[in-house]
Amino acid sequence: MTLVPILILAALLFSLGVYGLLARRNAVLVLLAIELMLNAVNINLIAFEAMIRDSLATGQVFAIFIITVAAAEVGIGLAIVLLIFRNRATANVDEFNLMKW
């Protein structure tokens with residue numbers, strides 16, 4: 001099996017994630033866009049690991065690590081968004097000015 005279709009899929013997912021990160025103003029959708037980009041990285045890691053086939057399964061280990069970090073990121077991110085939404089009644093990232101003077 002060739003690696004090109006998998007890389008194209010990963011590039012498409014990563015591009016969609018970048019577009020969502022830059023174009024969306026809702027904080028939850030921004031978190032979802034970041035998840036798309038992380039999943040694109042996971043696809044690349046697994047594809048290259050399947051092509052190289054080393055005995056350490058480095059690509060799979062890194063993919064599991066990224067999935068773990070992504071789960072923690074979403075949990076913390078959604079908690080922050082929920083807290084801000086309760087206080088400000090909006091999830092628009094343009095209106096988040098809590099850290100400004």
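**Exercise 1. The Asp94–Arg25 pair**

Determine which kind of contact joins the side chains of Asp94 and Arg25 in this predicted model, and where the two residues lie.

*Solution.* Begin with the general idea that side chains of opposite charge can pair when their charged atoms come close. In the predicted model, the side chains of Asp94 and Arg25 meet in a salt bridge, with an N to O distance of 3.0 Å. That distance can be set against the cut-off, which asks for a side-chain nitrogen of Lys or Arg within 4 Å of a carboxyl oxygen of Asp or Glu. Next, place the partners: Asp94 belongs to the segment after helix 3 (58–88), while Arg25 sits in the loop between helix 1 and helix 2, so the pair ties together parts that are 69 residues apart in sequence. A search of the whole structure finds one salt bridge. Finally, consider accessibility: Asp94 is exposed, with a relative accessible area of 53%, whereas Arg25, at 33%, is partly exposed.

**Exercise 2. The packing of helix 1 and helix 2**

Describe how helix 1 and helix 2 are arranged, using the angle and the distance between their axes.

*Solution.* Two packed helices are described by the angle between their axes and the distance between the axes. For helix 1 and helix 2 the angle is about 160 degrees, and the axes are 8 Å apart. That angle makes helix 1 roughly antiparallel to helix 2, since angles over 145 degrees are counted in this way. The remaining descriptor is the handedness, and the crossing of helix 1 and helix 2 is left-handed.

**Exercise 3. A nonpolar surface patch**

Identify the residues that make the nonpolar surface patch, and state which helix gives the most to it.

*Solution.* The patch covers about 380 Å² and is made by Phe14, Val18, Leu21, Leu22 and Val41. Assigning these residues to elements, one finds that helix 1 (residues 4–23) gives the most to the patch, with four residues. Val41, by contrast, lies in helix 2 (residues 27–52), and Val41 is partly exposed, with a relative accessible area of 30%.

**Exercise 4. Backbone angles of Ala57 and Ala89**

Find the sign of phi at Ala57 and at Ala89, and locate each residue relative to the helices.

*Solution.* Ala57 has a positive phi of about 55 degrees, although it is not a glycine, and its place is in the loop between helix 2 and helix 3. Ala89 likewise has a positive phi, near 60 degrees, in a residue other than glycine. Ala89 lies in the segment after helix 3 and, at 59% relative accessibility, counts as exposed.

**Exercise 5. Separation in sequence and in space**

Compare sequence separation with C-alpha distance for the pairs Val69 and Leu38, Phe48 and Glu95, and Phe96 and Val4.

*Solution.* Take Val69 first, which is found in helix 3 and, at 41% relative accessibility, counts as partly exposed. Val69 and Leu38 are 31 residues apart along the chain, and their C-alpha atoms are separated by 9.5 Å. Then consider Phe48, which lies in helix 2 and is partly exposed, with a relative accessible area of 34%; Phe48 and Glu95 are 47 residues apart along the chain, with 41 Å between their C-alpha atoms. Lastly, Phe96 is found in the segment after helix 3 and is partly exposed at 24% relative accessibility. From Phe96 to Val4 the separation is 92 residues in sequence and 41 Å in space, C-alpha to C-alpha.

Key
Residues are numbered from 1 along each chain as its sequence is written. This is a predicted model: local features need pLDDT of at least 70, side-chain atom pairs count only at pLDDT 80 or more; totals for chains, interfaces and linings use all residues. Side-chain values use heavy atoms; hydrogens and water are left out. Patches are made of residues with over 30% relative accessible area and no salt bridge: like charges are joined within 9 Å, nonpolar side chains (Val, Leu, Ile, Met, Phe, Trp, Tyr) within 5 Å. Accessible areas come from the Shrake-Rupley method with a 1.4 Å probe; for residues, only the protein chains shown count as cover. Buried means under 20% relative accessible area, exposed over 50%, partly exposed in between (1.4 Å probe, protein chains only). Axes are lines fitted to C-alpha atoms, for helices over the stretch in contact, and angles run from 0 to 180 degrees between N-to-C directions. Angles under 35 degrees count as roughly parallel, over 145 as roughly antiparallel, 65 to 115 as roughly perpendicular and the rest as oblique. A crossing is left-handed if the near helix is turned anticlockwise from the far one by less than a right angle, and right-handed if clockwise.
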